[in-house]
Amino acid sequence: RRARQAAPRGPAPSVRVAGPMGFNQLPGLRKPKGPTWGMLTLQDGRSTSSHELTGRQFTIGRSSSCSLSLKGKVTVSSSHCRLFLEPPDPSSESGELFENGEGPRVLLEDGSNNGTWLNGRRLVRGSAVELKQGDRISVPTGSAATDADGPDVVHLTYTDTTDNLRGCALASLPGGGGDSGAATPWPLSRASSSLSNGHTPISSPRASLAHTAPFPGAEDAVSVSLSMLMHAPTPAGLKTLTSTLQRGKLDVSGFVESDGAGALLDVLSTASAAPRKSAVQWELLQATLVALRALLDTQEGAASVHAAPRAAAVLAGLLDERDARVRLLSLEILACLAALSAASHARVDEALRRRGRMFLGRDLIRVEDDVACALAAVTLANAMVALAEPAAKGLRLHEEIGQGGWADGIAERLQDVEGAETQVAKWLSFPDQLQARSEREDPAPPPPARSHAAPP
């Protein structure tokens, strides 16, 4: 104790090497779990440190459960990226890491919002690429970081030591990625393998694009579309995506398997969150909605949008936007969703109920300046009522949506709009139709039979 008190107190050394001896001797550092298969040398412009790669995977992120935790870094995701092992034969039950003279591959997968760079090129989110000796991984750690060479970037240089795994099987290694040693779930919903920079692109385990494309270049179109949606969505890019969908030039199966619908919903959520939108942002919202509508025109695309529970809530949130075309497209897509299935109908009903069911009639039909939007709102109201089960629920919906008396003058207001006469007539005919259907579904009980027995 006296020796420690007498020791001079100065700043911590700028270089810390945690090799095999360092982990055993330096306090506060975890011991290696199993053999090491690589080393990452971290440089952030102020200090250098080395980190051994052990277990099945090595995770990097802001979370304290990551193998390398970058706490307090504003642009680092909780699970930013990971390095993991893949046997020579991924389908092998034994999982041997050395077979027939071939060793394991070390893959890098990005799962971040702000990007991970490999040798100066940004990875596609969800893609996995094979690392090579001396590769440099760059992670932005501050708001000023926009690329691999900008300020506030951490650089990690990879050193390959996979020869240490000879005689090992993947199952024999600890899970890695955190203190528990269990394999860390990787929160990726989309995958793409569009990167081509001298490394081998590997599809994410969550969504593989390994299927037969309907035409040459279809998978490239999927990868380019997903990369655009996840990293730099633009109106021009969305229009190209819509065009390829409408002309059948996009591998819809690959786009759906890679959660393309979720990527479109992400763009809508992000663009609509801006308090003051520029002309480009309005155009981006419109183009994304058009692409989503084109995706709904395909059977697989409709199923993928149906499988996204948040779709109805995201679209309902756009009904307040001041751009009439955004409102129009959102109403049209909501009407399509309501007709997909009972479950999808219930989600749309829930999204509208949160705003008050009178919202359709009071705010989108009665006071809507744009007659096309007013007609789309009537169409959505018809879909909600017609597909409600049982008929008694449809009657209640008709009464709630129709409050305010907007139906009295809607025929005259929309008389010059194509298709309006049919939709208005359908709305006005619902009470009689639903009442008759309700009586068939739940007929009134017969009156009790009178007794003709003689009084005692």
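Which backbone oxygen lies 3.0 Å from a polar atom of the side chain of His-398? In this predicted model, the backbone oxygen of Trp-427 lies at that distance from the His-398 side chain.

**Surroundings of His-398**

His-398 belongs to helix H14, which covers residues 391-401. The relative accessible area of His-398 is 14%, and the cut-off for burial is under 20%, so this residue counts as buried. Leaving aside residues up to four places away in sequence, His-398 is in contact with Val-385, Trp-427, Phe-430 and Pro-431. Trp-427 therefore appears both in this contact list and as the owner of the backbone oxygen 3.0 Å from a polar side-chain atom of His-398, a residue that is itself buried.

**Helix H4**

Helix H4 runs over residues 235-246 and has 12 residues. From first C-alpha to last, H4 reaches 16 Å, close to the 16 Å expected at 1.5 Å a residue. Its buried residues are Pro-235, Gly-237, Leu-238, Leu-241, Thr-242, Thr-244 and Leu-245. Gly-248, just after H4, has a positive phi of about 70°.

**Confidence**

The average pLDDT of the protein is 76, and 75% of the residues score at least 70. Two segments in which pLDDT stays under 50 are listed below.

| Segment | pLDDT | Contacts beyond four places in sequence |
|---|---|---|
| residues 10-32 | under 50 | 30 contacts |
| residues 176-219 | under 50 | 130 contacts |

Where pLDDT is low, predicted coordinates should not be read in detail. The model does have 30 such contacts for residues 10-32 and 130 for residues 176-219.

Terms used: Residues are numbered from 1 along each chain as its sequence is written. This is a predicted model: local features need pLDDT of at least 70, side-chain atom pairs count only at pLDDT 80 or more; totals for chains, interfaces and linings use all residues. Side-chain values use heavy atoms; hydrogens and water are left out. Helices (H or I, at least four residues) and strands (E, at least two) are DSSP runs, numbered from the N terminus. Buried means under 20% relative accessible area, exposed over 50%, partly exposed in between (1.4 Å probe, protein chains only). A polar contact is a pair of N or O atoms within 3.5 Å; within protein, one must be able to donate a hydrogen and the other to accept it, and residues adjacent in sequence count only if both atoms are side-chain atoms. Contact means heavy atoms within 4.5 Å. pLDDT is the predictor's confidence in each residue, from 0 to 100. The expected span of a helix is 1.5 Å times one less than its number of residues.
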